[in-house]
Amino acid sequence: MSSFPWLTTLILLPLLGALALWSLPSGARRFAREIALAFALVELVLTGFAVAAFDTANAGTVQLTETHSWIAAFGVSYAVGVNGVGLVLIAMSAVLVPLVVLAAWHEQGSATAVSNQLRRYLPLVLLLQAFIVAVFAARDLFFFYLVFEAMLIPVYFMIGGFGGARRRYAAVKFLLYSLAGGLIMLIGVIVLYLHGPGGADGFLIDRLTGISLDPTVEKWLFISFFIAFAIKAPMFPVHTWLPDAAEQAPAGTSTLLVGVLDKVGTFGMLTLCLPLFPNASRWAAPVVIVLAVVSILYGALLAIGQQDMFRLVAYTSVSHFGFIVLGIFAFTSTSISGSSFYMVNHGFSTGALFLLVGFLAARRGSARIDAFGGLQRVVPVLAGLFLVVGLSSLALPGLSPFVSEFLVLVGSFATQPAAAIVAAFGVVLAALYILWLYQRAFTGPVTAGLETLPDASARERWVVGSLVAVMLVLGFVPGPALNLVRPPAQVTINQVGVTDAPAVAEGSAK
Amino acid sequence: MIAAFTAPHVAWSAIAPVVIVLGAGVLGVLVEAFVPSRFRRSVQVALAIIAPAAALVAVAALWSGVKSTGGTSVLGGSVLVDGPTLVAWLLIAALGLMSVLLAADRTEGGEDAFAPSVAAVPGSAYEEQARSTGQVQTEIYPLMLFAMGGMMVFPAAGDLLTLFVALEVLSLPLYLLAGTARRRRLLSQEASIKYFLLGAFASAVFLFGIALIYGYAGSIRFADITAATAIPGQLDSLLLVGLLFLLVGILFKTGAVPFHLWTPDVYQGAPTPITAFMAACTKVAAFVALLRVVYAVFPAMHWDISPILWIVAIATMLVGTVAALVQNDVKRLLAYSSIAHAGFILTGVIALHQRGIAAVLVYLLAYGVATVGAFGIVYLVREKSADGSVVGEATALSQWAGLGKQHPVLAVTFTLFLLSFAGIPLTAGFIGKFATFSAAVAGGAWPLALIGVLASAAAAFFYVRIIVLMFFTGEHDGAEAAEAGEPSEAPAAAAVADEGYGVAVAERTATATAVERTTTTVVVRAEGFAVVAIALCAIVTVAVGLFPTPVLNLIGDVAKFLP
């Protein structure tokens, strides 16, 4: 069990699925959707086995490792392995991908049979999944960078080939932003390798951790890495690519883009910036915290003012990612484990939100809020699901995002009280944008033309219902997930070299 | 009493690749004279394919010997057969072979890229007569072989005169070949004249530099010159100016700024297989010669020429990238992009670090295969006039709109080459860029590497613009979408999705010349040479991108100059 290459299998399986879909003989083409779903479900099952193979008691150590020399001349290896945080993120993506495939069942012109468009879209989804697993599992810095950049290609085609009216603009903007950030990071990667031990395995993250760097060099390297991750996350002020991309892309693409891909940015901050550049991280923390808090408030305020539902959800993501970054750079084990858990919950919550908005937009032909009204009378099930998912986005207790948001706020309060207090306003603003959206779209008189809108079909109920169920379970029983993310947080705290602040104040001894 | 003449010892086996190619060129001239015209073309093509292939075999046979001994100097020190020389010979022979395959391909209409009678005045009755009687200008093939031979000697030269002679031998056939295009003959002849005049001027400056260096060192042998530069002397200014003139001559051939002005016009005017040949093989020859001059011959002058090379590299990267952003013609765009690549390669040269040699060679490999492949595809995309006859190559970017839907394999292959140019991971171009920028950073030239990555990011924009045009643009909006600058907004997604499939030719009136495209299938029906060449290039691009270790080890083991 322990020597079975779980992670390589999880990377290769969706890749094979994509190749199979691309080379389907014409007789089998009508079953493209079923084949894609089958591959995604098998991946989910295998991920479950991989989770079982993971030793939860040692969640802070990197497990399921495989290391092979790849380009010895450059010091590059093919090295994969996950600690608890990587594992839960891979699991989250394994849950989201089959749901995205299911949600796209009748999209792209596939109302009756699968259209050519959809047949071209699904292999890109599987290809993206392969890259996602690879990027969360990468333990070699060059391999991480490679997958980090290679991921852009399927997403670029998913936005540019299958999206809305301004999709080309949004796709090119996304690509150039991410590419620029990635190329800046490339210089940092090269310089770090040259300062490291070098040799045939010189790019392994374990070999590059803990080397002593000149403080100025370390700061510049941190900045080069951080720029790339901040663009990916996205954080204010380099977030402007996300609203356009989310608005123009099909809903499934936005789900994967925001729900999973953006986590690569914050995962990179957690797994690379902090352990590789601990002193620079501590030096940069005040500025980063300020930017994070600004992201929280700015994203929320802009979300309130949006007219398009996809853009609204995109801005809420900017706000949520501000929370995640705040938790990471507050440097307490509570806040870091809260951030790690937040990444998972945000994926489910925002993913469900995008899928729901996608269902609504497919029915109405438009995602503008003023095109809807009074829907709770017409499509009560959809309205109910939307309400629950929206409440999860504003961190209602009982749903999993509450747990993570609470942990982030409490954890940050210990070291950055001012930031935590200001960030807490973000919760109030979240309530504003979600509830006002619900009020405008679902309550009140029914808008003309909407009376005959079909309610959620069985497929749609399954898709969103599964996500709601997951959030309920994790909201009431977060223990197992937290056990996976807390030990890695402790390890990170040690690597950064701060003393952990206690999660709660000691009660007075009475 | 005349002393007995002792013939110099010629190590034929060591220079076998060059002898094979040049000998085949001579044979080709004889074929021109003696073989009846019915068979001439077949014999010439066969010769032109066998010669580089045999040269490749000869290079392989020499490889292990050079790897273990570090190389030999032959012909009394005139030619140095060391590691970088062998790699250059390998690349020139391979890329030259693929260019010959492109040149030999006559496509669907039975016409290749070359004018039936190059000497005929365009538009004259003689030209029409030559075309209708089926004349073929078969001298193309021996000319390509001679150019290849010159390109092989240029990086291997061991003294200044051999360097100059090789430069001329490689350049003169290229001046001719640039003027041999079948279509747009005036443009082609203009390109040829431009190349000739500017090239002759650059060669003159080069020769002047040789004279000055000879004046300083008292010898033309590289070994003697290196020894002379080690001793600080009175005539240092002579040396510096001479070296700068020498560099001017070499940088002209590489297409570096400010010696790049010939590149877009010549690349656009020349027949596309010749453009591929020039863009790939000339750069290989010129850069390896530059490496030798900078690393092996004048190591003592590093501090002096560094500032100049830095400025040239930065200017080249910037000018190439910025100018390519505003191009509307695909051949000119690829020409400016090759200027930008020359800038990236220069960062590896300037590094003046041991890694730089291997890095430049890897980059040349990646760039060379992608270039030959890309121009091969450009060769296949043609215009068809309203009455169904194939008019010529469709090089305007707007004519490439919608290619992805009609001819997906061709468009995907071109995308692969564009991604390799852009340096996207999993392609050979990324390995080349990574190696070069690593070498630059290791040599302390990190600002160059930084400008290099930023220029790469900007360059990605115009590569992506072509991909967008091919895949995400319907044929109708090709004209506006191809405007340099903002990609235009498409109509609603559903409408575009419908338009993309099976749009009838009759509906399209977007461009003034009613155009349509013929495709790869045309070539396969006729001869298939071009398909083989393009497929080989694509395979190498992907293979080196995914599994670069064998290539890196191969090159890294031999990347040392003979002192």
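**Helix α2 and the A–B contact**

Tutor: Start with α2(A) in this predicted model. Its buried residues are covered by elements that include α1 (6-22), β1, α3 (84-103) and α4 of chain A.

Student: Which residues of α2(A) are buried?

Tutor: The buried ones are A:A32, A:R33, A:A36, A:L37, A:A40, A:E43, A:L46, A:T47 and A:A50.

Student: What span should helix α2 of chain A have, and how far apart are its end C-alpha atoms?

Tutor: The helix has 22 residues, 32-53. At 1.5 Å a residue, it should span 32 Å. The end C-alpha atoms are 32 Å apart, so the two agree.

Student: Switching to the interface. How many residues does each chain put into the contact?

Tutor: Chain A gives 39 residues and chain B gives 44.

Student: And what area is buried between chain A and chain B?

Tutor: About 3500 Å². Carbon and sulfur atoms give 78% of that.

Student: Which residues in chain A lose the most area to chain B?

Tutor: A:F74, A:R168 and A:I187. Together they make up 19% of what that side buries.

Student: How many salt bridges between the chains, and how many residue pairs in polar contact?

Tutor: Zero salt bridges. Two residue pairs are in polar contact, both at pLDDT 80 or more.

Student: Which elements give two or more residues to chain A's side?

Tutor: β1 (63-71), α4 (116-137), α5 (141-150), α6 (152-162) and α7 (167-195) of chain A. α7(A) gives the most, with 16 residues.

Student: What's that side made of, by class?

Tutor: It has 29 nonpolar, five polar and five charged residues.

Conventions: Residues are numbered from 1 along each chain as its sequence is written. Chains are lettered from A and ligands numbered from 1 in the order in which they are written. This is a predicted model: local features need pLDDT of at least 70, side-chain atom pairs count only at pLDDT 80 or more; totals for chains, interfaces and linings use all residues. Side-chain values use heavy atoms; hydrogens and water are left out. Contact means heavy atoms within 4.5 Å. Buried area is the accessible area (1.4 Å probe) that two parts lose on being put together, summed over both. A salt bridge is a side-chain nitrogen of Lys or Arg within 4 Å of a carboxyl oxygen of Asp or Glu. A polar contact is a pair of N or O atoms within 3.5 Å; within protein, one must be able to donate a hydrogen and the other to accept it, and residues adjacent in sequence count only if both atoms are side-chain atoms. Helices (H or I, at least four residues) and strands (E, at least two) are DSSP runs, numbered from the N terminus. Ala, Val, Leu, Ile, Met, Phe, Trp, Tyr, Cys and Pro count as nonpolar, Asp, Glu, Lys and Arg as charged, and the others, Gly among them, as polar. The expected span of a helix is 1.5 Å times one less than its number of residues. Buried means under 20% relative accessible area, exposed over 50%, partly exposed in between (1.4 Å probe, protein chains only).
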